[in-house]
Amino acid sequence: VTITTRLLVSHLSGIRHYEKDITKVKEEKEKANRPFKLIKPYQDKEQKEKEGIEKTDSVKPRKEHEGEVKSRNSKPGRRDKEFEQEEYYLKEKFESVIESLKIFKNDPLFFKPGDQFLYSTYGFTLLSAVVERVSGQKFTDYMLKMFRDLDMLSTVLDDNEAMIYNRARCYVYNKKGRLVNAPYVDNSYKWAGGGFLSSVGDLLKFGNALLYSYQAGQFKNTNGKFLPGFLKPDTVAMMWTPVPKTEVSWDRDGKYAMAWAVVEKKQQYGCCRQQRHYASHTGGAVGASSVLLILPEELDSEAIDTGLVAPPRGVIVSIICNMQSVSLNSTALKIAREFDKEKWAQ
């Protein structure tokens, strides 16, 4: 088979995640999808005869977002099955990303690359190995230089030995529902998929750099007053274009794109529900949860043609908390919409 970098960034490679048993993966996927299937409406025959219509009070509404469902159901001590996987708790130190490939390189693919979607942290480990070979530098050195260019000076490797100023302690609930310190882990086996420490401020800088890159090419008559973006506008547009056969666990309206979840602008009926275009990604680690959400402003033609406003234009929300298994995407989206609403009200 052929596995391309595009398949890796969209989680279509067939490479496993932490669970090695494909049967268990399928079962969990089926369970996760159950709440989102429309439940057959219960019909009250007497009421139907009386009113001539179906009684809909008893119809259970479709749960819009998995994140919201999780947050409603979450209680202190609730354990996330995802974090029962042993490989979350590896303590071995890997000197290079090439070396860490040994964890999964001899395991069979779960499906033919390109056929199905399966979120895979190890897919990004392989991607980091590609970056290492192509750049001729250690992946970690390459990334730290990029973070410096982005002015993300608080973003560093989650190295247990290093003295990191203001590093937060991480927490989990144990089986008895008590708050305890998160167990010791070494994330050197997955730098690209969950091995960096950052701050809310740095993630906002990252979001602004991407939004600037995305919008810079849309503005006309700027007379060269705008600096180029960190990435080409077409590159960001491609990264934020939904890829067929993908799905997003934290927002059922979305599709996976290239390392981002994307919801496209959509409205089927007048005066009814609207979807705004936004890109986001959540993060889950032992003892920590996060989200970065980018809601681009819908620029009108006058702003684009006259250049009276400058990019980036939109709302960016970053949330990081030192607690495991916290659902944050729906919260971030609500915050973004409130700020967006406030802007248009002024």
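**Reading a predicted model: a dialogue**

Guide: The protein chain here has twelve helices and nine strands. The model is predicted.

Visitor: What share of the 346 residues in the protein chain is buried?

Guide: Buried residues account for 39% of the 346. The accessible surface of the protein chain is about 20600 Å², and carbon and sulfur atoms hold 52% of that surface.

Visitor: Among contacts between residues at least 6 apart in sequence, what percentage join residues at least 24 apart?

Guide: In the protein chain, 67% of those contacts join residues at least 24 apart.

Visitor: How do I read a sheet, and which strands form the open one here?

Guide: Strands of a sheet pair through backbone hydrogen bonds, and the pairing is either parallel or antiparallel. In this structure, five strands make an open sheet, in the order E5-E6-E7-E8-E9, with antiparallel pairing. At the edges stand strand E5 (255-256) and strand E9 (314-321), each paired on one side only.

Visitor: How many bridges join E8 and E9?

Guide: Strand E8, residues 288-296, pairs with E9 over eight bridges in the antiparallel sense. To follow the register, take the partners one by one. Ile 294 has Ile 316 in E9 as its bridge partner, Leu 293 stands opposite Val 317, and Pro 296 is matched with Gly 314.

Visitor: And on the side of E7, how many bridges are there to E8?

Guide: Strand E7, residues 278-285, is joined to E8 by seven bridges, and the two run antiparallel. One of the pairs is His 281 with Leu 292 in E8. The hairpin of E7 and E8 has two residues between the strands, and there Gly 287 takes a positive phi near 85 degrees.

Visitor: Are E8 and E9 largely enclosed or open to the outside?

Guide: A strand can be judged by counting its buried residues, where buried means under 20% relative accessible area. Eight of the nine residues of E8 are buried, so E8 is largely enclosed by the rest of the structure. For E9 the count is six of eight, so that strand is also largely enclosed.

Visitor: Which helix packs on the sheet and touches E8 and E9?

Guide: Helix H9, residues 200-216, does so, and its direction makes about 150 degrees with that of E9. Cys 321 gives another view of E9, the strand in which it lies. The C-alpha atoms of Cys 321 and Val 200 are separated by 9.7 Å, although the two residues are 121 apart along the chain. Leaving aside residues up to four places away in sequence, Cys 321 touches Gly 287, Ala 288, Ser 289, Val 326 and Leu 328.

Visitor: Which backbone angles deserve a look in the loops?

Guide: Start with the peptide bond from Pro 311 to Pro 312, which is cis, with omega near 5 degrees. Pro 312 lies in the loop between helix H11 (301-306) and E9. Next come positive phi values in residues other than glycine. Asp 151 has a phi of about 65 degrees; it lies in the loop between helix H7 (139-149) and strand E1 (156-157), and its relative accessible area of 39% makes Asp 151 partly exposed. Lys 245 has a phi near 75 degrees, and its place is the loop between helix H10 (233-239) and E5.

Visitor: How do I read a salt bridge, and how many are counted here?

Guide: Look for a side-chain nitrogen of Lys or Arg within 4 Å of a carboxyl oxygen of Asp or Glu. The count comes to 14 salt bridges. One of them joins Arg 276 and Glu 298 at 3.2 Å, N to O. Arg 276 is in the loop between strand E6 (261-263) and E7, while Glu 298 is in the loop between E8 and H11, 22 residues apart. Arg 276 counts as buried at 16% relative accessibility, whereas Glu 298 is partly exposed at 36%.

Visitor: Which residue forms a salt bridge with Glu 297?

Guide: Arg 313 does, with the closest N and O atoms 3.5 Å apart. Glu 297 lies in the loop between E8 and H11 and Arg 313 in the loop between H11 and E9, so the pair ties together parts 16 residues apart in sequence. Glu 297 is buried at 11%, and Arg 313 is partly exposed at 24%.

Visitor: Which residues are linked in a network of salt bridges?

Guide: Arg 16, Lys 20, Glu 87 and Asp 107 are linked in this way.

Conventions: Residues numbered from 1 in each chain as written. Predicted model: local features only at pLDDT ≥ 70, side-chain atom pairs only at ≥ 80, totals over all residues. Heavy atoms only, no water. Pairing = 2+ DSSP bridges. Helix = DSSP H or I, 4+ residues; strand = E, 2+ residues; numbered from the N terminus. Contact = heavy atoms within 4.5 Å. Axes fitted to C-alpha atoms, helices over the stretch in contact; angles between N-to-C directions. Buried < 20%, exposed > 50% of the residue type's maximum accessible area, 1.4 Å probe, protein only. Areas by Shrake-Rupley, 256 points an atom, 1.4 Å probe, with all protein chains shown as cover.
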